Amino acid sequence: MRKSNLFHFFLLGLLFTSAAFFRLHQLKATDIGTDESFSLYIAQLPTADIIQTLQKGDNPPLWELLASILTDLLGFSLYNLRIVSILASILTGLGIWLLGSRFLDKTSGLLAASFFLFSNFGFFIAHEARVYSLLGLLIVLS
C-alpha cells in the first residue's frame, strides 16, 4: 500500500473516530425535545404494535423498529434511542465519503464527509431520537 493511501485511511479513521466521540460526548447535553416523545412512546411497543400504529400515520417504521431492537439489547432510555440516530449519521458520513471518492477523488470525499460530520446540521440530526438521520443515510445510499 502506498504512503498516500495509508495517510488517507489514517485521516479517514481519525475523522470518523472524532465524529463518533463528539456525538457521543454531547449526547446527554439536551433534554427530550421536539417530537422525540413520539419516538419514545412508539419504541416501547411490541414490534407488531409499532407497525400497526405507524400504518395510520406518515412515519415509516424502520427507525422505530431499529430503536426498539437496540433498546431491547441495551435498555430503554433516551440516550440509547439517540444512539440509533448517531450510528445512522456516522454511516451517512461514510456514504458521503464513498460518493466523493468514487465520483471525484479521495480528498474531495474526505472533505465532503468532514463538512457533513462536523456541521451544526449533522450534529443536530444525530442527536434527535427521530428518523431524520436514517432518512439522510438512505438518501445518500440511494
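Here is a short friendly exchange about the predicted model above.

Me: Before we start, which pLDDT do local features need?
Reply: Residues are numbered from 1 along each chain as its sequence is written, and side-chain values use heavy atoms, with hydrogens and water left out. As this is a predicted model, side-chain atom pairs count only at pLDDT 80 or more, totals for chains, interfaces and linings use all residues, and local features need pLDDT of at least 70.

Me: Thanks! How many helices and strands are in the protein chain?
Reply: From the N terminus on, the elements run α-α-α-α-α-α-α-α. Helices (H or I, at least four residues) and strands (E, at least two) are DSSP runs, numbered from the N terminus. The count is eight helices and zero strands.

Me: Which helix gives the largest share of the largest nonpolar core?
Reply: A nonpolar core is a set of buried Ala, Val, Leu, Ile, Met, Phe, Trp, Tyr and Cys residues joined through side-chain atoms within 4.5 Å, where buried means under 20% relative accessible area with a 1.4 Å probe, protein chains only. The largest one has 29 residues, and L15, F16, W63, A67, L81 and L117 touch the most other members. Helix 1 (3–25), helix 2 (36–43), helix 4, helix 5, helix 6 (106–117), helix 7 and helix 8 each supply at least two residues of this core. The largest share, nine residues, comes from helix 5.

Me: Where do the two partners of the salt bridge lie?
Reply: A salt bridge is a side-chain nitrogen of Lys or Arg within 4 Å of a carboxyl oxygen of Asp or Glu, and a search of the whole structure finds one. The side chains of E64 and R130 meet in it at 3.8 Å, N to O. The pair ties together parts that are 66 residues apart in sequence, because E64 lies in helix 4 and R130 in the loop between helix 7 (120–126) and helix 8.

Me: Are E64 and R130 buried or exposed?
Reply: E64 and R130 are the salt-bridge pair. Both of them are buried.

Me: Finally, how many nonpolar, polar and charged residues line the largest pocket?
Reply: About 160 Å³ of space lies in this pocket. Helix 4 (62–74), helix 5 (78–103) and helix 8 (132–141) each supply at least two lining residues. W63, L66 and I69 are among the residues of the lining. By class, the lining has ten nonpolar, no polar and no charged residues.

How values were computed. 1 Å grid on protein atoms, 1.4 Å probe; cavity = no way out; pocket = protein on both sides within 12 Å on 5 of 7 lines; lining within 4 Å. Points joined across faces, edges and corners; volume = space filled by probe spheres on them. Nonpolar A, V, L, I, M, F, W, Y, C, P; charged D, E, K, R; others polar. Buried < 20%, exposed > 50% of the residue type's maximum accessible area, 1.4 Å probe, protein only.
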